[in-house]
Amino acid sequence: MFSFQFTALGTAWSISIDQADLSLLAQQPTHGLRKKVIDQTADFERRFSRFDQESESRQFVTAAAGTHPISKRLMELLIVADSLRSLTDGAYDPAVGGLMEAAGYSPDYTLKPDQKKLEHWHLPFWSLQLTKHSVTIDGPVLFDFGGIGKGYWIDQISELLFAEGFPHHLVEGGGDMYATTKADGSGWNVAIEYPGKTDLALGTYALKNQGLAASDVFRRSWGRWHHFVDVALKQPTQYIMGCVAVSDSAWRADQVTSVLALTDPSVFSDTVSRIGGEFVVILANGEARMSSNWSGEIFV
Amino acid sequence: MTRPTALLFLFTIVCAVSLAACSPTTQSTNTDPTTAPVAAADANNMRSPVSGEKMLKSQQTYSSPAGDEKVAFTIYVDASGVVTEAVTTVEAKAPISVTRQKSFASELPSVIKGKKLSELTKIDRVGGSSLTTGAFNKALTDLKTQI
């Protein structure tokens, strides 16, 4: 087992590589691999973090209404964000960035809601022009992809590891991850943290070519705010305490958790089935709901 | 929402939501509270009530696009009136109804007790919300690197 860690996108990342032949692993130029992963992640952060003043997420903060060209990667993120926006009837919208900053979750981390800004904020409208590789906006907009940006990047690192000759690996970014199988064909055993209880596991899952994402209302919370925000209501949601999802990629698993956080529990199954994945949700009242296809272990 | 309220709520939404597009036009209820042990209709998911506990059974008929279907519910209530367990017995005939009833059954509210992370063995990684797990996982992978 070969592992290394680094910090990026505001959280801790860990890469683990399993190799049947450890001597072969020793011959590989792993320092080069580490540098590649860290450099490319730093580049992704510069391009898409809402907290980086030069990022593409902020490129329309002072833009005028109109149609503006965007990069291929921003287009990829916005296409998925657009489908989640439809799935949640508008509760999920990456244009939430401005609202998060008005609520105090800004690059200077004031964490103090600005009531005036909150009252004046309205949800910017945006639509994609696929053939023109452009986005049409009705005025300034600040994008925040939340968890799906991280899931997207976890999968990109996995692809990089494959390309570099390491087919058995686990990529983790701040508790979300993608894992292939281990060299012997077995899965990577992951304990799933119970929302809000850092020393407790709600269950385990043996990941095999699957992504896992988890989210809760306890981390990244300030005052009455946390990071599950319904843009239509301009306030944090109250449905759930936390959730975990498993899907065929980390990106898809993150999409499932993003949707679960913003959806009424009565439509969990229908909504998630349109993305594809398994889930366990701890509702705000402490009750658990799990999808009928959940194949991990749960400690009841 | 209290647990009994949650159950009542579930009973009312079962046809409307989980069994999708089926209207409960021919609903028949025969709830029969009893403290006596009742023979389980399905040995796999029903049990006899323990001392002081009541077992309530209810069978519902509803109209689905595939015809009339039945579903049964059993709830266990302790001496203080708190619902301790709920079991759905799949009685549907049409495959699509069976699938939907099974899906509903697995999504009944339950409480996950959890286990101490320190008691778990053979764990490669901890998945969870960001920040502290990063540090936890770093410690974990550091240890593994030393193996």
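Which residue in S6(A) is the bridge partner of Ile15(A)? In this predicted model, that partner is Val171(A), and the report below begins with the chain as a whole before returning to the strand that holds this residue.

## Overall make-up

Chain A contains 8 helices and 18 strands, and of its 300 residues 45% count as buried. When contacts in chain A between residues at least 6 apart in sequence are considered, 60% of them join residues that are at least 24 apart.

## The eight-stranded sheet

An open sheet of chain A is built from 8 strands in the order S1-S2-S6-S7-S10-S15-S16-S17, with antiparallel pairing. Its edges are formed by strand S1 (2-8) and strand S17 (288-290) of chain A, each of which pairs on one side only. Neighbouring strands of this sheet are turned against each other by 10° on average, with direction ignored.

## Strand S6 and its two partners

Strand S6 (residues 169-173) of chain A is largely enclosed by the rest of the structure, because 5 of its 5 residues are buried. His169(A), Val171(A) and Gly173(A) point one way from S6(A), whereas Leu170(A) and Glu172(A) point the other way, and all of these are buried.

On one pairing, strand S2 (residues 11-17) of chain A meets S6(A) in the antiparallel sense over 5 bridges; besides the bridge between Ile15(A) and Val171(A), Ser16(A) has Leu170(A) as its bridge partner in S6(A). In another pairing, S6(A) is joined by 4 bridges to strand S7 (residues 176-179) of chain A, and these two strands also run antiparallel. Val171(A) takes part here as well, with Tyr178(A) as its bridge partner in S7(A). The hairpin of S6(A) and S7(A) has 2 residues between the strands, and in this hairpin Gly174(A) takes a positive phi near 55°.

## The three-stranded sheet

Another open sheet of chain A consists of 3 strands in the order S3-S5-S4, and its pairing is antiparallel. Strand S3 (66-69) and strand S4 (126-129) of chain A are the edge strands, each pairing on one side only, and the twist from one strand to the next averages 25°. S3(A) is joined by 4 bridges to strand S5 (residues 134-137) of chain A, the two running antiparallel, and within this part of the chain Gly66(A) stands opposite Ile137(A) in S5(A).

## Asp138 in the loop after S5

Asp138(A) is found in the loop between S5 and helix H6 (147-163) of chain A. Is this residue buried or partly exposed? Asp138(A) counts as partly exposed, because 14 other C-beta atoms lie within 10 Å, while a residue is called buried if 20 or more do so.

Leaving aside residues up to four places away in sequence, Asp138(A) touches Ala65(A), Pro124(A) and Phe125(A). The C-alpha atoms of Asp138(A) and Ala63(A) are separated by 9.2 Å, although these residues are 75 residues apart along the chain.

## The largest nonpolar core

The largest nonpolar core has 77 residues, and those with the most contacts inside it are Leu212(A), Cys243(A), Ala245(A), Leu260(A), Phe279(A), Val280(A) and Val281(A). Helix H7 (residues 250-262) of chain A supplies the largest share of this core, namely 8 residues.

What does Leu260(A) touch, not counting residues up to four places away in sequence? The contacts of Leu260(A) under that restriction are Ile240(A), Cys243(A), Ala245(A), Phe268(A), Phe279(A) and Val281(A); among them, Cys243(A), Ala245(A), Phe279(A) and Val281(A) are also listed with the most contacts inside the core.

How values were computed: Residues are numbered from 1 along each chain as its sequence is written. Chains are lettered from A and ligands numbered from 1 in the order in which they are written. This is a predicted model: local features need pLDDT of at least 70, side-chain atom pairs count only at pLDDT 80 or more; totals for chains, interfaces and linings use all residues. Two strands pair if DSSP finds at least two bridges between them. Axes are lines fitted to C-alpha atoms, for helices over the stretch in contact, and angles run from 0 to 180 degrees between N-to-C directions. A nonpolar core is a set of buried Ala, Val, Leu, Ile, Met, Phe, Trp, Tyr and Cys residues joined through C-beta atoms within 7 Å. A residue is buried if 20 or more other C-beta atoms lie within 10 Å of its own, exposed if 12 or fewer, and partly exposed in between; C-beta atoms are placed from the backbone. Two residues are in contact if their C-beta atoms, placed from the backbone, lie within 7 Å.
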